[in-house]
Amino acid sequence: MHRWSIYILLFCCLICVSTYTAVHSQPHTVPNDTTQIAQLNQQALESLTNQQTHLALRQAQQALRLAQTNSHRQGKAQSLFILGKISHHHKKFATSLNFFLKAKAAYQTLHQPSSIAQVYYEIGNLYLHWQSPTKALHYFRQSRDLITTQHYNADLMREVLNSTGQAYWRMELYKKASAMYQQLLGMQSSEPAKERLRTLKKLAKIHKQTKAYHISLAYEQLILKTQEEIESATEKAITLNNIGFLHKKLNQHAKAINAFKQSLVLYKRAHQKSEVKGYKNFCALLLTNIGITHNLLQEPQQAQKYFMEAMEFRQQTGDALDIARLHNLIATNYCIQGSPDRAQEYLQKAVKIAKAQQNKEVLQNSYKVFIKIYEQQNRPKKVKIYYKLLIQLKEEIEVENRQKLKDLYTRQLTIDQKEADYQLLLTEEEKQASLNRQLQLESEKKEQNLALKASELSLLRKDQELQQSILANELLEKNKVKQLLSLAEQRLYTEEQKLLIDSLRNNKKLQKLALERQQAQDKERQQTIALLEKDRKLKQQVLHEERALRHNTLIGMSVLLMIILAAIYQIRKRNKMLKQRNAMIKKHQQESQQFANKLMKINERLKNKEKVLKATNAKLEQQNLEIKAHNFILSDTIDELGRKNQHIQDSLHYAKRMQEAMLPYKAEMDAVFQEHFVIFKPREIVSGDFYWFASVKPKKTSQSLVLLPPLLLFAVVDCTGHGVPGGFLSMMGFALLNEIVHIEKVLAPAQILQRLDTELRQSLKQENSANNDGMDICLCTLEKNKEQGHTLRFAGAKRPLYYVLPQAPNELIQLPANRYSIGGNKRYKEFEQHCLQLPQASILYLSTDGMIHLPNARRRNFGSRRFKKMLAHYAHLPLVKQRQAITATLNDFQKNEQEQRDDVTLVGVKV
């Protein structure tokens, strides 16, 4: 009995120890459902690819629940990522952003940069579809950085580059978008041709948008060449239409029409084989493009033909706005042909459709054509009415654009606020999760302590029960011995009574009985001794078993104590780790709180900024309205000034033509001079300089029967001022010279200058006014003499004469002029006349001072000394080459300096 009790006790101790060891030494196991979670996520992705979004949603949600139940972090992250994609597909952008942010946090804990890069890419795409390209670019950049630095993924990099280019395109940053697509094109060298075609089309569109039509045309031609091998006829037709449009923009109208017609033939051929979607719309577009190009070629009849064919297709499709646009084009064509009534009919149809459809763009074009028609008809009231309507329409469009910008800004703020809220919520969830983990660890610690105390109590109870059972056994044995002794005494007493009775009855047998009694007593004593010996042996056995039990119990308790000590050590170690984790959690909580406070402050700042922006926007709107009102006034004023300026410009150009007609013709001077050149550069449209030439036949005398050569008179004149004032004086001077020479027959240079001075002063009434205008002149007469030479007579007013003799071709000689001008306040003037004989092939130079005053880039004049040196340097050359050399020298001196301070005139003649 004692042995079995000991065995049962030891078995219980071993069970407790093994249970404790199993609880604290082996890891916590969960049901292995990772395969099912992975299968559900894979099925959800396949369903999403097959557009079965509701089925994909159920599968992803089931996978998420299972992953959360089994604490499977990889499966949970993947499920959140798929749910984000599904919500994005359903255009639930805020929900999608929440899922993606949670997936990013999960992947960050798992240290998976490739998955984080994928999440960043999806968030960027989300923001791109949410009309927030700036935020999209931020996430695309993060995804690209992770791909480049952590884990290179070529497929993901191509997708990121494509989406980044699209974001830059939306922001109208076309150079950056082109750079992204160029990089993508470089990565697609080994990709299928269709992928490269998509990128090439985007590059062509970007360059067309930036008006780089030559580059866009090169891309479109490359696209067409690639399409010949792989794509259908309809795709080629679309590319040919794009090529035609680019040729039209480059003013290559014949090539444009050819491309449009090739596209039309291809499209019709493809439609004959099998019905093509959008056939009528595309044919109408091509016919319209051909008509517009014929208009640009000044072929309105051909354009009308194609417009009418396009109208048939448009009426079959029934698209009202396209019909209205075509009405505008037909009206413009009738306007070009000079049929305003027909044009107005089509315009009224276009206006009616545009008003019904509330399309301001078509209405705006219609009003512009109306204005053009009424301007041609010279109906200013109608022009003013439609100008007002056009301005009102522009105001409405600008108001709508401002509202769109305002809505875009509000939506951007909302998006930023939602992202901040989700980030804050995610931080709070992480904080709550860390607190839950801390509470769970504390509860596990308490459970372990309770389990240890319970095991200790059970051991104490079992020890007490063992002691009680041993005491009970001892009491039972003692009671048994007492019972045996009492029975023996009772039997002995009974026998004694019987013997006594027998002794009394039978004296004879007394001795025998006494002997028997003595024997019985001895026997009893022997039995008692045997019982006592047996009891002693039993007690010794019990004591031995108790010692063995106590020894085994001591060993068990020692083992248990060692296990308890080991458990206490592990618990203390875990407590220390828990304290460290708690410290980290507290630190994280503090950081989270600080981050939350920062977010709150940022939100407050954003709200304050939003209030300031609203106030600023209100002020700006008010200022814009005022500016627009001023702009309309300025626009009318500018238009009026533009018309007046155009009128003045037309008048000036007409005056220039008159002035050029007044100057000597080249043929006249070729007929009388061996060689000559003229450099004539007005500063403005009309010049204050002019050069004059006259040929006067000498009077016949009765003594001379030989025909004498004519007297040649030529001059270069510099009038006061330039432009219109100088032009008036030049016309007056030209007329006065002709009158003095041809009517008054004054032929001596000094007398001509004297008469010119008198006439000019009288014409300008300079004696009775403060007018001081006049002119500087270099005047010569040339008469051929008998010795094959020439007699030169010269008189000048502030302008000298330069000449070169043939025997000294590089020596420039100057004849001085008088120091006063023609006209002015000075009354009495005497002009000196020089006379000299010139050999044949001598060269004369007549000039104004405009060439001397030409500035260079450092604002220094060409100068008189440099001018004379230049004439002497080139005097040996033929006069045509002299003109070229002088022009080149002046250009080299100015070095593309456009400023000209005065009119420039230089005439060279060889006699």
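Helices (H or I, at least four residues) and strands (E, at least two) are DSSP runs, numbered from the N terminus. Color the protein chain that way to begin, and you have 25 helices and 11 strands.

This is a predicted model, in which local features need pLDDT of at least 70, side-chain atom pairs count only at pLDDT 80 or more, and totals for chains, interfaces and linings use all residues. Residues are numbered from 1 along each chain as its sequence is written, and side-chain values use heavy atoms, with hydrogens and water left out.

**The whole chain**

Show the surface. The protein chain exposes about 54800 Å², an accessible area from the Shrake-Rupley method with a 1.4 Å probe; for residues, only the protein chains shown count as cover. Carbon and sulfur atoms supply 54% of that exposed area.

Now color by burial. Buried means under 20% relative accessible area, exposed means over 50%, and partly exposed is in between (1.4 Å probe, protein chains only). Of the 911 residues of the protein chain, 39% count as buried.

Next, look at contacts (heavy atoms within 4.5 Å). Take those between residues at least 6 apart in sequence: 63% of them join residues at least 24 apart.

**Stop 1: helix H10**

Select residues 193–209, which make up helix H10. What does Glu195 form with Arg198? The two form a salt bridge, with the closest N and O atoms 2.8 Å apart. A salt bridge is a side-chain nitrogen of Lys or Arg within 4 Å of a carboxyl oxygen of Asp or Glu. Side chains of opposite charge can pair when their charged atoms come close. Glu195 and Arg198 are separated by about one helical turn, because they are 3 residues apart in helix H10. Glu195 is partly exposed at 31% relative accessibility. Arg198 is partly exposed too, at 46%.

Stay on H10 and pick Lys201. Its salt-bridge partner is Glu235, and the closest N and O atoms are 3.3 Å apart. This pair links distant parts of the chain: Lys201 is in helix H10, Glu235 is in helix H12 (residues 233–249), and they are 34 residues apart. Glu235 counts as partly exposed at 28%, and Lys201 does at 27%.

**Stop 2: helix H23**

Jump to residues 749–763, helix H23. Which residue meets the side chain of Arg755 in a salt bridge? Glu759 does, at 2.6 Å from N to O. The two are 4 residues apart, about one turn of the helix. Is Glu759 buried or partly exposed? Glu759 counts as buried, at 16% relative accessibility. Arg755 is partly exposed at 25%.

For a network, select Arg314, Asp322, Arg325 and Glu361: salt bridges that share partners join them into one. A search of the whole structure finds 13 salt bridges.

Return to Arg755 and show its surroundings. Leaving aside residues up to four places away in sequence, Arg755 touches Ile740, Glu744 and Val746. Then draw a distance from Arg755 to Leu737, 18 residues away along the chain: their C-alpha atoms are separated by 9.1 Å.

**Stop 3: a paired set of strands**

Select residues 790–797, strand E5. How many of its residues are buried? The count is 7 of 8, so strand E5 is mostly covered.

Add strand E4 (residues 774–784), which runs antiparallel to E5 and is joined to it by 7 bridges. Two strands pair if DSSP finds at least two bridges between them. Click Cys778: its bridge partner in E5 is Gly796. E4 and E5 form a hairpin with 5 residues between them. In that turn, Gln788 has a positive phi of about 60 degrees.

Now add strand E9 (residues 834–838). E9 and E5 run antiparallel, joined by 5 bridges. Thr791 has Gln837 in E9 as its bridge partner. In a regular strand the side chains alternate between the two faces of the sheet.

**Stop 4: a surface patch**

Select Leu484, Leu487 and Leu531. They form a nonpolar patch on the surface, with about 240 Å² of accessible area together. Patches are made of residues with over 30% relative accessible area and no salt bridge; like charges are joined within 9 Å, nonpolar side chains (Val, Leu, Ile, Met, Phe, Trp, Tyr) within 5 Å. Leu531 lies in helix H20 (residues 510–662) and is partly exposed at 38%.

**Last stop: cysteines**

Select Cys283 and Cys719. Cys283 is buried at 0% relative accessible area, and Cys719 is buried at 3%. A disulfide is a pair of cysteine sulfur atoms within 2.5 Å. How many does a search of the whole structure find? It finds 0 disulfides.
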